[in-house]
Amino acid sequence: METNYNPAIEVSQLTKNYGELLAVDHIDFRVETGAIFGFLGPNGAGKTTTVRMLTGVIRSDEGSAQIMGHSAGSLNAKQIAGVVPEMANAYLDLSGWNNLMLMAKLYGVSKDDAHKRANELLAKVELASRKGSLVQTYSKGMKQRLLLCMALISDPQILFLDEPTSGLDVQSARFIKNLLQDINARGKTIFLTTHDMDEANQLCSRVAIINKGKIVAIDTPEKLRMAISGKHSIEISFQYKVNTKDLEEIAGVTEVRLLGDKCRLYTPDPSDLAIRLVDYSKSKQMKIVSLNILAPSLEDAFVALTEGGKP
Ligand SMILES: Nc1ncnc2c1ncn2[C@@H]1O[C@H](COP(=O)(O)OP(=O)(O)OP(=O)(O)O)[C@@H](O)[C@H]1O
Ligand SMILES: [Mg+2]
């Protein structure tokens, strides 16, 4: 398999400065053809800047990026990529259909192919019945699905999506995620930026974590989780509000975090801690409303890895 290894994206020392700010700082990574690659990071980490360099919207200051062997920004690289940019918008005063036709024209897709693909795509995203309506009458979820169709109208080999589910409700987000899996199953490589650990976990075969312009980790979601396997936790809520100081003092607790009405207690030994928590609740004569033992999440990995980079 290794001998056939054929990277869809190859990035070397890619860098972007905005004045004094190093928005993207000499990053290196490869994305295998056919993969769904997740690019995770907090606000301002450099995700969008990276996508913009890869899709040729902006130039890098240093380093290189190849898309299917073509230099990022070249016409060839642009022709084989589909893009759903951050904060993208379709033309609001055109219908969904006409937006698709406009995009098809930009990519030089023949009229017959454009019609055929547009109908297929609209059916797939359940927008067929609204294709003649102006986009300004679409909901946010509908607009996002149309943007995905627009990115796919040229039948690209590789798809770049910058936070495609951000701001969508759970159902719409799930719909998009299912679509992405479907698109990937048909052989398309997907580069996806997200804040959402669950999303990365569900969709991606590999994940890079970027913080302050630097890649801090790059691996499978599973391995990133294993890397912080010490970080088991218990999420617990009690009948009454408790003093977090009390919880910090329980043996085996390494960290306490408040999450709404629940507390997350980190520990290397969750089963031992569960017993101590039952004892604690008895001693305070209050009930435990819920108690869940959690394996380390990708979010834990993310926090552990990005906090290391904080000044
Ligand atoms: N056009 C610009 N001019 C100046 N600074 C910029 C510009 N675009 C981005 N930046 C800065 O570069 C850094 C990285 O921004 P970028 O948009 O890539 O982050 P991001 O990871 O996409 O964040 P978010 O999750 O909020 O979308 C930020 O500090 C941002 O303020
Ligand atoms: Mg962004």
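**Exercise 1. The shell around ligand 1**

Task: Work out which element gives the largest share of the shell around ligand 1 in this predicted model.

Solution: Start by listing the neighbours. Ligand 1 is surrounded by Y18, L21, A23, G41, N43, G44, A45, G46, K47, T48, T49 and E86. Next, see where they sit: the elements giving two or more residues are β2 (21-32) and α1 (47-54). Of the shell, α1 supplies the largest share, with three residues. As for chemistry, the shell splits into six polar, four nonpolar and two charged residues.

**Exercise 2. Helix α1**

Task: Decide how many residues of α1 are buried, and find what follows the helix.

Solution: Go along the helix one residue at a time. The buried ones are K47, T48, T49, T50, V51, R52, M53 and L54. That is eight of eight, and α1 counts as mostly covered. Right after the helix, have a look at the backbone of G56: its phi is positive, near 75°.

**Exercise 3. Positive phi without glycine**

Task: M68 and E126 aren't glycines; find the phi of M68 and of E126, then say where each one sits and whether it is buried, partly exposed or exposed.

Solution: Take M68 first. Its phi is positive, about 50°, and the residue lies in the loop between β4 (62-67) and β5 (70-71). Now count neighbours: M68 has 18 other C-beta atoms within 10 Å. Buried needs 20 or more and exposed needs 12 or fewer, so M68 comes out as partly exposed.

Now E126. Here phi is again positive, about 60°, and the loop is the one between α4 and α5 (140-152). E126 has 11 other C-beta atoms within 10 Å, and is therefore exposed.

**Exercise 4. How α3 meets α4**

Task: Describe the crossing of α3 and α4: what angle, which hand, and which residues make the contact?

Solution: First, the geometry. The axes of α3 (residues 96-106) and α4 (residues 111-124) come within 10 Å and cross at roughly 135°. An angle over 145 degrees would count as roughly antiparallel, and 65 to 115 as roughly perpendicular. The pair fits neither, so α3 and α4 are oblique to each other. The hand of the crossing is right-handed.

Second, the residues. From α3 come G96, W97, L100, M101 and A104, while α4 brings A114, A118 and L122. Sorted by type, the contact has seven nonpolar residues, one polar and no charged. If you wonder about the spacing, an α-helix has 3.6 residues a turn, so residues three or four places apart point the same way.

**Exercise 5. The surroundings of Y266**

Task: Place Y266 in the fold, and say whether it is buried or exposed.

Solution: Y266 belongs to strand β13 (residues 262-267). With 20 other C-beta atoms within 10 Å, Y266 reaches the cut-off of 20 or more and is therefore buried. Leaving out residues up to four places away in sequence, Y266 touches K231, S233, T254 and E255. G252 is 14 residues from Y266 in sequence, and their C-alpha atoms are 8.3 Å apart.

**Exercise 6. The whole chain**

Task: Sum up the chain: how many helices and strands, what box, and what share of residues is buried?

Solution: Count the elements, and you get 11 helices and 14 strands. The C-alpha atoms fill a box of roughly 75 × 45 × 45 Å along the principal axes. Of the 311 residues, 36% count as buried. Finally, take the contacts with a separation of 6 or more: 69% of them link residues 24 or more positions apart.

Note on methods:
Residues are numbered from 1 along each chain as its sequence is written. Chains are lettered from A and ligands numbered from 1 in the order in which they are written. This is a predicted model: local features need pLDDT of at least 70, side-chain atom pairs count only at pLDDT 80 or more; totals for chains, interfaces and linings use all residues. Axes are lines fitted to C-alpha atoms, for helices over the stretch in contact, and angles run from 0 to 180 degrees between N-to-C directions. Helices (H or I, at least four residues) and strands (E, at least two) are DSSP runs, numbered from the N terminus. Angles under 35 degrees count as roughly parallel, over 145 as roughly antiparallel, 65 to 115 as roughly perpendicular and the rest as oblique. A crossing is left-handed if the near helix is turned anticlockwise from the far one by less than a right angle, and right-handed if clockwise. Two residues are in contact if their C-beta atoms, placed from the backbone, lie within 7 Å. Ala, Val, Leu, Ile, Met, Phe, Trp, Tyr, Cys and Pro count as nonpolar, Asp, Glu, Lys and Arg as charged, and the others, Gly among them, as polar. A residue is near a molecule or strand if its C-beta atom, placed from the backbone, lies within 6 Å of it.
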